[in-house]
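Here is a walk through a two-chain protein model, going from single residues to the sheet and then to the place where the chains meet. Keep the viewer open while you read.

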Protein chains: 2
Amino acid sequence: MQLPNFADIEAAARRIAPFAVRTPLVESPALSARCGGRVFLKLESLQRTGSFKFRGACNRIALIPEVERQRGVVAFSSGNHAQGVAAAAGLFGVAATIVMPQDAPRAKIEGTRALGARIVSYDRQRDDREAIARRISEEQGATLVRPFDDAAVIAGQGTVGLEIAAEAPDVALVLAPCSGGGLVSGVALGLSRAGIKAVSVEVENYDGMRLSLAAGHRVKAPGGALSIADSLMAPLPGEIPFALAQGLLEPGLCVSDSELARAVSYAALQLKLIVEPGGAAALAALLAGRVDAGGRGIVVILSGSNCDFETMAEAVRRHPSP
Amino acid sequence: MQLPNFADIEAAARRIAPFAVRTPLVESPALSARCGGRVFLKLESLQRTGSFKFRGACNRIALIPEVERQRGVVAFSSGNHAQGVAAAAGLFGVAATIVMPQDAPRAKIEGTRALGARIVSYDRQRDDREAIARRISEEQGATLVRPFDDAAVIAGQGTVGLEIAAEAPDVALVLAPCSGGGLVSGVALGLSRAGIKAVSVEVENYDGMRLSLAAGHRVKAPGGALSIADSLMAPLPGEIPFALAQGLLEPGLCVSDSELARAVSYAALQLKLIVEPGGAAALAALLAGRVDAGGRGIVVILSGSNCDFETMAEAVRRHPSP
């Protein structure tokens with residue numbers, strides 16, 4: 001198993017710079033007042049394709065040797081990785097096939113199709129998406145772009161941490177939503193030279209990273225009932241993300257679906273930002289009072305914004321005073 | 001009549017730096033693809049109090065001599081200036097009285113009250129808000145903080161232009177929503193040394209700046225039917241803004257209510273940003289194809305985000321594919 005290192009993130013930053021948005025890091029006076037210390041938001045919700053996933057996909061695809069790349073790429077994803085891969089493939093002029101669950105948010109399915117990818121649907125409960133993707137990869141010679149268990153993908157996501165370290169040196173903690181762990185482990189590595197700690201935030205029943213960090217080895221979360229955070233439902237952290245995370249992350253946090261909905265509403269009403277439930281996990285942990293930075297600055301990564309409008313509006317209706 | 005100059009904007013920038021958010025300037029890949037040139041968004045919608053108005057209010061209040069400032073401030077406003085003044089007064093520890101129309105958006109009335117200001121309501125059709133504010137000023141010795149016809153207020157708004165010039169030197173045009181003209185004239189002055197042009201965008205029937213620029217003297221727009229852009233309903237540009245604008249602005253643009261609603265929907269669905277109708281005027285002009293930067297970069301100022309949630313959701317329902 002090859003772990004990415006700090007230089008890989010620096011190289012990824014140079015590689016993706018012509019394509020990725022250098023997303024804003026902006027202070028929220030409302031959150032700073034509420035938390036008693038400065039709170040900054042890293043707006044990956046404004047990244048190309050509406051989530052951080054574009055960074056990792058772009059770095060990974062850039063690294064495929066030219067002759068292989070022409071045979072296309074394939075990926076399995078509930079949506080954000082799908083759009084990231086589709087957009088990056090489009091920029092490199094190669095065909096992308098995406099294996100997506102039938103019940104993925106309409107915004108994500110349509111977004112992926114609009115980016116020119118071919119979509120193959122599967123049933124989340126019945127089918128094995130990895131097997132479907134592998135078969136396509138073998139038949140077409142397409143390169144499989146994994147969502148998180150890939151050193152180049154993690155290095156791409158780590159550029160988020162590099163940007164935070166460059167712009168906000170006086171913060172103590174960075175909170176990142178976590179599913180398979182690609183974002184938070186990459187960010188932690190990207191922050192490592194700045195002495196800034198990263199914390200993973202998962203959704204209840206899918207808190208594999210939290211359980212694994214506590215146990216010292218990979219532990220599968222119970223899973224079960226679907227969460228409103230369709231992008232956070234990996235029950236087990238990836239091998240590479242976990243190996244990185246073990247040495248770098250603080251103990252993990254998790255939040256409930258109701259706390260996520262409250263955070264989505266707070267983002268819309270107070271921050272004036274549309275954030276998807278999974279992308280609001282770090283904000284949810286902050287609002288729920290799970291984090292104490294001891295008066296020092298905190299960065300909250302808002303990692304994605306690809307929910308159907310109605311999902312966001314429903315959260316606001318349920319939590320009109322979040 | 002004392003016009004602000006470039007040095008006034010530089011001084012304002014230093015004065016408000018501890019309080020105002022340096023708002024992000026971020027490229028929108030979706031808009032760049034649509035317009036065939038790079039399009040950047042200046043997110044004043046994320047400014048403290050949800051609009052650029054905080055900048056001017058903060059600069060103006062900072063310049064009131066200490067002994068006068070302790071007698072408080074008074075302002076008349078449909079909402080964004082109200083919140084800007086209330087917040088700035090709060091930061092300087094002085095009392096604020098705001099004269100607001102009864103039909104202002106609930107979000108703005110509540111926002112102003114939450115910032116600690118005393119609110120005096122008036123009827124938009126019947127009462128003279130300036131007279132009410134003047135009476136309060138005379139009775140209490142409070143300083144009247146005008147919304148746009150004030151050199152210090154304009155210098156504060158001009159810091160938006162200064163920030164754009166510092167971060168995006170390779171743009172040709174900056175589009176700014178315009179009501180009384182404080183923002184766009186200040187921005188034009190702030191951009192003047194960078195060789196970047198500013199363009200005002202008003203709403204139909206309230207396009208006093210456009211008419212005045214064309215006529216070469218101040219001309220009152222017809223007004224009449226209320227616009228959904230409650231923040232853009234000044235029929236006549238201020239004297240100082242117009243005097244500045246004459247030498248600096250390109251010919252003015254205007255958009256319809258329906259184009260504003262479409263822009264509000266586009267902001268929510270594509271940009272993932274909540275913008276109020278008036279704050280979306282510049283975006284509306286771009287989406288309606290009124291602007292040609294000849295392939296060079298454009299900056300769109302999203303100037304405010306204080307609409308009731310339902311106003312935004314209604315725009316999305318009416319324009320689901322903006």
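## Loops, helices and an interface

A:Thr49 sits in the loop of chain A that runs between β2 (39-43) and α3 (53-62). This is a predicted model, so read the values below as computed from it. The backbone at A:Thr49 is worth a look: phi is positive, about 70°, although the residue is not a glycine. Loop residue or not, A:Thr49 is buried, because its relative accessible area is 13% and the cut-off for buried is under 20%.

A:Lys272 also has a positive phi, near 65°, in a residue other than glycine. Its place is the loop between α12 (257-271) and α13 (281-287) of chain A. With 10% relative accessibility, A:Lys272 counts as buried.

Over in chain B, B:Ser51 lies in the loop between β2 (39-43) and α3 (53-62). B:Ser51 has a relative accessible area of 0%, so it is buried. What does B:Ser51 touch, not counting residues up to four places away in sequence? The partners are B:Glu44, B:Asn80, B:Ser303, B:Gly304 and B:Asn306.

Two helix residues of chain A come next. A:Asp8 belongs to helix α1 (residues 6-16) and, at 31% relative accessibility, is partly exposed. Setting aside residues up to four places away in sequence, A:Asp8 touches A:Leu3 and A:Ala155. If you want a ruler for the chain, the C-alpha atoms of A:Asp8 and A:Ile274 are 31 Å apart, with the two positions 266 residues apart along the chain.

A:Ile136 is part of helix α7 (residues 129-140) of chain A, and its 5% relative accessibility makes it buried. Beyond its neighbours within four places in sequence, A:Ile136 is in contact with A:Val74, A:Thr97, A:Val99, A:Arg118, A:Val120 and A:Gly141. From A:Ile136 to A:Leu232, 96 residues apart along the chain, the C-alpha separation is 25 Å.

Here are the relative accessibilities side by side:

| Residue | Place | Relative accessibility | Class |
|---|---|---|---|
| A:Asp8 | helix α1 (residues 6-16) | 31% | partly exposed |
| A:Thr49 | loop between β2 (39-43) and α3 (53-62) | 13% | buried |
| A:Ile136 | helix α7 (residues 129-140) | 5% | buried |
| A:Lys272 | loop between α12 (257-271) and α13 (281-287) | 10% | buried |
| B:Ser51 | loop between β2 (39-43) and α3 (53-62) | 0% | buried |

Now for the sheet. In chain A, four strands make an open sheet with parallel pairing, in the order β5-β4-β3-β6. The edges are β5 (118-122) and β6 (143-144) of chain A; each has a single partner strand, so one side of each has no neighbour in the sheet. Strand β4 (residues 96-101) of chain A runs parallel to β5(A) and is joined to it by five bridges. Across that pairing, A:Ile98 stands opposite A:Ile119 in β5(A).

In chain B, strand β3 (residues 73-76) pairs with β4(B) in the parallel sense, over four bridges. B:Ala75 faces B:Ile98 of β4(B) there. How buried is strand β4 (residues 96-101) of chain B? Six of its six residues are buried, so the strand is largely enclosed by the rest of the structure. In a regular strand the side chains alternate between the two faces of the sheet. For β4(B), both faces are covered: B:Ala96, B:Ile98 and B:Met100 are buried on one side, and B:Thr97, B:Val99 and B:Pro101 on the other.

Finally, the two chains together. Chain B superposes on chain A by a rotation of 180° with 0.0 Å of shift along the axis, at an RMSD of 0.0 Å. The two copies are thus related as by a two-fold rotation axis. Among the residues of chain B, B:Leu273 comes closest to that axis, its C-alpha lying 2.5 Å away.

At the interface, 22 residues of chain B are in contact with 22 residues of chain A. The copies meet through the same surface, because 100% of the interface residues of chain B are also interface residues in chain A. The area buried between the chains is about 1700 Å², and carbon and sulfur atoms give 78% of it. On the chain B side, B:Lys272, B:Ile274 and B:Phe309 lose the most area to chain A, together 36% of what that side buries. Between the chains, the salt bridge count is zero, while four residue pairs are in polar contact. β1 (25-27), α12 (257-271) and α14 (309-318) of chain B each supply at least two residues of the side that touches chain A. The largest share, four residues, comes from α14(B).

Technical notes: Residues are numbered from 1 along each chain as its sequence is written. Chains are lettered from A and ligands numbered from 1 in the order in which they are written. This is a predicted model: local features need pLDDT of at least 70, side-chain atom pairs count only at pLDDT 80 or more; totals for chains, interfaces and linings use all residues. Side-chain values use heavy atoms; hydrogens and water are left out. Buried means under 20% relative accessible area, exposed over 50%, partly exposed in between (1.4 Å probe, protein chains only). Contact means heavy atoms within 4.5 Å. Copies are superposed by least squares on the C-alpha atoms of residues with pLDDT of at least 70 in both. Two strands pair if DSSP finds at least two bridges between them. Buried area is the accessible area (1.4 Å probe) that two parts lose on being put together, summed over both. A salt bridge is a side-chain nitrogen of Lys or Arg within 4 Å of a carboxyl oxygen of Asp or Glu. A polar contact is a pair of N or O atoms within 3.5 Å; within protein, one must be able to donate a hydrogen and the other to accept it, and residues adjacent in sequence count only if both atoms are side-chain atoms.
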